[in-house]
Amino acid sequence: MSKFYFSGNEAIAHGLIHGGVRFITGYPGTPSSEIIPAVQSLIKQFSLKAFADWSINEKVAYEIAYGACLANIKSAVTMKQVGLNVAMDPFMNSAYVGTVAGFVVISVDDPGPHSSQTEQDSRFMAMAAKIPVLDPSTVEEAYEFAQKAIELSEKFSIPVMLRSTTRISHGRAIVDIKDFESSNTIQPHFKSSKDWSKQLSRFAATPKQRLELHRLLNEKIEKIAAQNKPKLFFNGEILVLSSGAVFAYIYELIEEYGLQDKITLCKLDIPYPLSKEKFNFIEKFNRIISVEETYPVIELQLDTEGRRNGLVPKQGEITPEVCEEILEKLGLIKNRKTLQIPPLKRPSLCPGCAHRAALFSVKKIFGKKAIYAGDIGCYTLALNFEATDTVLNMGASVSFGFAFSKAFELGNKKQDVISIIGDSTFFHSGIPPLIDAVHYRVPFLLLILDNQTVAMTGNQKTLSTPHDFLGQPLKTVSIEDIVKSLGVNFIKVVDPYDFQNSLNTLKEAKEFLKKNNEPAVIVFRHLCINTKQGLQNNPKIPVKIEKELCKGCMICIKEFECPAIVFDDEEKKANIDKTLCISCGFCINVCPTKAITLI
């Protein structure tokens, strides 16, 4: 046994590998993105025979990992909570079909939300699919529960969810890790049993056979619920049921405020499924309250107080401060401490980011009256300089381009519509709506901002990456080849740092859209400057601001919004912040009075 200072995601990775998992797929998404890189490090460190890498989207990742489990390899798939929406079809169906080897679905929630479109609760999705879910309260439990999830999956032949949250996945703690005993024996099998024809009613079930699979799933869930034992702490007349990080907050508050004789705290390692018969003991308590984030999973199953009577907020992260507020509502504490957290500076695109250059050029040609349908990625931050009007979910920018263009066409109104999507998001879910747009001859401009990485979630690989994490060669996939193959007749590739060429190409696209009822596509390609290769290869063009030429119009700040350009309120002039500037030099194109010049 050795001690390591791990994040929750690193602990999950170690738990999976120690639990015998050798096939892991996923799609990056904060706060889940660090699990697969940590698994890859272990594969390299111990020369494991295993597969761990990113897929094109969560649905594909789920199906690949689940297929490997059906071939008798312990498997896992990772994603964030909104990614689970993309994988819901195989998620729901795999519960019916069951597993061969152990299979764990790791879905990391983002209560708050801090970096997501929703703060949905993956435990609720597990309850909908009738899939048991483990909810670790600490980083140590993240390691332990990853192994328990595999054991539970193998015991009942059912997918098992390991649900983490931002505070667990990105928290750090010292974790006792057992010594690794490497086993490189992989024994896949499928279609090898003598009674294979009987197995078909499970693996290739028709709707009628699905009814029987549903009955079997209900039996498994009832057995798991019957074995699901709660853990009790302290000895008070009020029962508080909890799971996940919130349990740890309440435990500490009970000790801090000396409430051990007021509250009995019930910990549920597995918040779904629960059996009411197993919880008959709760009737002896004066009050029974579920405190959990983010949805009332325990509350609904055991019919307790909580969100339904307003004790627990119906939205937002359940922080230690919120837990204190709940204890105050119960009359257990008075004069609680309150923290005043100053507002954070809004996030913005990095200094030198080529997305900013591309979007500045687009606005120069199409203006503020164009509709800019945005998407999920760094470029969502174009909101700051009015180059994004909508953000819904992965790929929706292309669907919205179709929708807005067709809607205005039906109303006999001319309207420029620009869809903006990143390279990874285009592969993830932007291709199907573009196929529809080509088929229905809908004219709008699609901008694909290709920086050759999944930047927002930590620079994971994309389909343009030529090697995997072991250095093995991969077949790269060309965006423009895909676009051409769909029947798009206007497809151009431009480096957004080439300002004049960008403007000319955009004008050409605008003319094409006036004359043709079909979409046009421009790929703005430039390496992300937040990667080593991207920063090394970026142009070095140091600039300064000629004070006598600066009129204080703030166009460089409001229209371009580079963090390295700041406004001096006393001088009423712009300044270059040399601690942030990477000398990309693009801002020379921005200033209308030519005040930004070469050094």
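User: Let's start with Phe360: buried or exposed?

Analyst: In this predicted model, Phe360 counts as buried, because its relative accessibility is 6%, which falls under the 20% limit for a buried residue.

User: And which ring does Phe360 pair with, and in what geometry?

Analyst: Phe360 forms an aromatic pair with Phe560, and the arrangement is edge-to-face, with the ring centres 5.6 Å apart and an angle of 85 degrees between the planes. Phe560 is buried as well, at a relative accessible area of 4%.

User: Where do Phe360 and Phe560 lie in the chain?

Analyst: Phe360 belongs to helix α14, which covers residues 354-366, while Phe560 sits in the loop between α20 (555-558) and β19 (565-568), so the pair ties together parts that are 200 residues apart in sequence.

User: Which residues form one aromatic cluster with them?

Analyst: The cluster consists of Phe360, Tyr497, Phe499, Phe560 and Phe586.

User: How many aromatic pairs does the structure hold?

Analyst: There are 25 aromatic pairs in the structure. One of them joins Phe190 and Phe203, again edge-to-face, at 5.2 Å from centre to centre and with 65 degrees between the planes.

User: What does that Phe190 and Phe203 pair tie together?

Analyst: Phe190 is in the loop between β8 (172-177) and α9 (196-203), and Phe203 is in helix α9 itself, so this pair links parts that lie 13 residues apart in sequence. As for exposure, Phe190 is partly exposed, because its relative accessible area is 40%, a value between the 20% and 50% limits.

User: Switching topic, how many helices and strands does the chain have?

Analyst: The chain has 20 helices and 21 strands.

User: And what about its radius of gyration?

Analyst: For 599 residues a compact globule would be expected to have a radius of gyration near 25 Å, and the 27 Å found for the chain agrees with that. Along the principal axes, the C-alpha atoms fill a box of roughly 75 × 70 × 55 Å.

User: What share of the residues is buried, and what of the surface?

Analyst: Buried residues make up 55% of the 599 residues. The accessible surface comes to about 26,800 Å², and carbon and sulfur atoms account for 53% of that area.

User: How far apart are the mean positions of the charges?

Analyst: The chain carries 69 positive and 66 negative charges, and the mean positions of these two sets are 4 Å apart.

User: What about contacts between residues 24 or more positions apart?

Analyst: Such residues account for 76% of the contacts in the chain that have a separation of 6 or more.

User: Now Ser75, where is it and what does it touch?

Analyst: Ser75 is in strand β4, residues 75-80, and it is buried, with a relative accessible area of 0%. Leaving aside residues up to four places away in sequence, Ser75 touches a set of residues that includes Val21, Phe23, Cys69, Phe103 and Ile150.

User: Why is helix α6 described as largely enclosed?

Analyst: Helix α6 spans residues 122-129, and 6 of its 8 residues are buried, so the rest of the structure largely encloses it. The buried residues of α6 are Ser122, Arg123, Met125, Ala126, Met127 and Ala129. After α6 comes Lys130, whose phi is positive, near 60 degrees.

User: Last one, where is Asp303 and what does it touch?

Analyst: Asp303 is in the loop between α12 (297-302) and α13 (320-329). Not counting residues up to four places away in sequence, Asp303 touches Lys276, Ile298 and Arg308. The C-alpha atoms of Asp303 and Ile333, which are 30 residues apart along the chain, are separated by 25 Å.

Methods
Residues are numbered from 1 along each chain as its sequence is written. This is a predicted model: local features need pLDDT of at least 70, side-chain atom pairs count only at pLDDT 80 or more; totals for chains, interfaces and linings use all residues. Side-chain values use heavy atoms; hydrogens and water are left out. Helices (H or I, at least four residues) and strands (E, at least two) are DSSP runs, numbered from the N terminus. The radius of gyration is taken over C-alpha atoms; the globule rule is 2.2 Å times the number of residues to the power 0.38. Buried means under 20% relative accessible area, exposed over 50%, partly exposed in between (1.4 Å probe, protein chains only). Contact means heavy atoms within 4.5 Å. Accessible areas come from the Shrake-Rupley method with a 1.4 Å probe; for residues, only the protein chains shown count as cover. Lys and Arg count as positive and Asp and Glu as negative; His and the chain ends are not counted. The place of a charge is taken as NZ of Lys, CZ of Arg, CG of Asp or CD of Glu. Rings of Phe, Tyr and Trp (its six-membered ring) pair if their centres lie within 6.5 Å; planes under 30 degrees apart count as stacked, over 60 as edge-to-face and the rest as tilted.
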